[in-house]
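Open your viewer, keep the selection panel within reach, and follow along stop by stop. Each stop says what to select and what you will find there.

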Amino acid sequence: MKKFILIALLFACSRIFAQTIDSAWFVTHYTKKEVYIPMRDGVKLFTSFYIPGDSSEKHPILLTRTPYSCAPYGEGNYKKYWLSYFTQYLSEGYILVTQDVRGRWMSEGDFANVRPFNANKKGKEIDEASDTYDAIDWMIKNIPNNNGKVGVMGISYPGFYSTEAALSGHPALKAVSPQAPVTDWFAGDDFHHNGAFFAMDAYEFYIGRGFGKPRSAPTTVGPDAKQLFTSNKYDYYFKTGALPNLTAVANADSVWFWDTVMNHPTYDAFWKARNARVGCYNVKPAVMVVGGLFDAEDCFGAWNTFKAIEKQSPATHVSIVEGPWYHGQWASKKGFNLGNVQFSSNTAEWYEQHIEFPFFNYYLKGKGSVDSLTKATVFFSGENQWHKLASWPPAGVKMTDIYLGNNKQLFFSKPTAAKQSFSEYISDPAHPVPYAEGELSHRTREYMTDDQHFASRRTDVLSFETGALTEDVTLAGPVIADLLVSLSTTDADFVVKLIDVFPDDFTYSDTDTYLMNGYQMLVRAEIMRGRFRNSLEKPEAFVPGKITEVKYELPDVAHTFKKGHKIMVQVQSTWFPLVDRNPQQFIDIYHAKDSDFIKSDIKVYHDAGNASKLILPIVK
């Protein structure tokens, strides 16, 4: 018996040793192949394959389609999968595939930003769904020793291509994971939020990083970046001025898409066609949407892709995973914190091991179970706990009003004052409120949880807070801002922030190097370009002096305000240079002059007749 146990232990140890995956193991056990795969219209897409040498079983295919390059190029140059959590997929013998999408890098054809889905394709008509179908079809028929099952995944822009893959209808496609997917560039992702233009991200992505520069032919060489070195981006964008001054730089570099954006200032047919949710019907593969609660780029995309598939394709097995992450942090193997806010465990590693890998392994290899993969797996910041939920929002949520009041107070009871009551500030585009504190050389990802004391001290930011909470308050779902305002001008933006105010004696541990006492943690913030308050399609001017409702939805929240903390709400009208400045006149902002920017006297009302509030999804 002892001999048997010893042999078993030695065998187990040898298995562990054999699966120590490093660069030497990878090049020994995998072969790299580069192939041009023909599409139905004759265009060929460059595709990189990493194929296991093991012939004892058939292997699933895991595909990522990307506009960011499937480098390194050359069959002797291996991608460093062994440095990432992808070692799990290597140990299970997955065929790993990356494809340059149409018109990018080494692929042929013309590139289109967020190419619209065509539900009625005929003949040789293409979209990203058909390109995925054709790619999968070729792989299943031509890659030896595959098991006939394909999964697709991708983060950010590749997340969009993952959504489109789910619409391809290929029978071999069994599982798809759109992660932080680009979904709607006017309503909520990257370029715009509720019609407000996120100038810094757009400019530095398309111009600074060179993504928007045209190419003359397939290439392995990326575009030249436009150096935007400065220690103070606030100062850089302020001095550059109105959007036409940025457009002049873009046009000098032939970045046609920038000019296209400048000439589609409303949610018109151009933007509607690029809403990835329009095709999310009759989705066949299982779908697991992944997002970050504190994703600065595509927070909107994850929540709303999930909701669209759940509503429009009710027979689909669709789930959502939301962790306390910045954009793509779940793939980093590091999920202990975001900036100064800590999460008590390595949330990224837990996700990689317990959620993503089991999802693909079940649907592509028939291993394990998906019983643990509930409709929603969501991390609640504040309490720092994962919750597995049967629905999202979860059962028991009650939409609860919390009212802005006099003396900077926030109440769960409606104001009773019959007399008109308001708080007031001057929004001055010549002195816009920064989105984060200090001189910053780049758009930070940590601003999503940053301390808001810097804003609380400004006279053009209204702050309202509760007293210390006597019990925990947990939010799970979308937050609604419902403001009653009046302006001295015909337009303005409104930024609403939901903030967790930590107790004065708060500390994470005795060894903390950063003092968190009194920290004002940003939980969620969102902007509404005032002209779009009733419709993204049909902007409307404000009537100066007229009390007007501005009501809009903030992306979903999963957060517990702990007993002893306070809830704070801030309202402001600039968020710079994250968002371009509104001239505060009802004019074409994309073609405004520097001289068009004017001050606006803004009143936010909080009396019985005009009660500004937030509507919170409180778990009861």
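**Salt bridges**

The structure holds 31 salt bridges, each being a side-chain nitrogen of Lys or Arg within 4 Å of a carboxyl oxygen of Asp or Glu. Before you select any of them, note that this is a predicted model, in which local features need pLDDT of at least 70 and side-chain atom pairs count only at pLDDT 80 or more, while totals for chains, interfaces and linings use all residues. Residues are numbered from 1 along each chain as its sequence is written, and side-chain values use heavy atoms, with hydrogens and water left out.

Start with K141 and D137, whose side chains meet in a salt bridge at 2.8 Å, N to O. Both residues lie in helix α4 (residues 128-142), 4 residues apart, about one turn of the helix. Helices (H or I, at least four residues) and strands (E, at least two) are DSSP runs, numbered from the N terminus. K141 counts as exposed, because its relative accessibility is 63%. On this scale buried means under 20% relative accessible area, exposed over 50%, and partly exposed in between (1.4 Å probe, protein chains only).

Next, select K272 and E537, a salt bridge with its closest N and O atoms 2.9 Å apart. This pair links distant parts of the chain: K272 is in helix α10 (residues 269-273), and E537 is in the loop between β21 (520-529) and β22 (548-561), 265 residues apart. K272 is partly exposed at 33% relative accessibility, and E537 is partly exposed too, at 42%.

Move on to E437 and R457, where the salt bridge spans 3.4 Å from N to O. E437 sits in the loop between β17 (422-427) and α13 (453-456), and R457 in the loop between α13 and β18 (462-465), so the pair ties together parts that are 20 residues apart in sequence. E437 is partly exposed at 48%, whereas R457 is exposed at 57%. To finish this stop, select E57, E92, K365 and K367: salt bridges that share partners join these residues into one network.

**Backbone stops**

Most residues other than glycine have a negative phi, and most peptide bonds are trans. Now look at some departures from that pattern.

- Select A71 and P72: a cis peptide bond joins them, with omega about 5°. P72 is in the loop between β3 (59-66) and α3 (87-91).
- Select W392 and P393: the peptide bond from W392 to P393 is cis, with omega near -10°. P393 belongs to the loop between β14 (385-389) and β15 (397-404).
- Select D190: its phi is positive, near 50°, and D190 is not a glycine. D190 lies in the loop between β6 (173-179) and β7 (192-193), and at 15% relative accessibility D190 counts as buried.
- Select S344: here phi is positive at about 75°, again in a residue that is not a glycine. S344 is in the loop between β12 (341-342) and α12 (347-365), and S344 is exposed at 66%.

**Strand β13 and its partners**

Select residues 376-380, strand β13, where 5 of 5 residues are buried. In a regular strand the side chains alternate between the two faces of the sheet. Which residues of β13 are buried on each side? A376, V378 and F380 are on one side and T377 and F379 on the other.

Add strand β10 (residues 318-323), which pairs with β13 in the parallel sense over 3 bridges; two strands pair if DSSP finds at least two bridges between them. V321 has T377 as its bridge partner in β13. Then add β14, which pairs with β13 in the antiparallel sense over 5 bridges. Here A376 stands opposite L389. The hairpin of β13 and β14 has 4 residues between the strands, and in it G382 takes a positive phi near 90°.

**A helix pair**

For the last stop, select α6 (residues 199-208) and α8 (residues 243-252). Their axes come within 11 Å and cross at roughly 10°; axes are lines fitted to C-alpha atoms, for helices over the stretch in contact, and angles run from 0 to 180 degrees between N-to-C directions. The helices α6 and α8 are therefore roughly parallel to each other, a label for angles under 35 degrees (over 145 is roughly antiparallel, 65 to 115 roughly perpendicular, and the rest oblique). Show the side chains of A199, Y203 and I207 in α6 and of L243, L246, V249 and A250 in α8, which make the contact, meaning heavy atoms within 4.5 Å.
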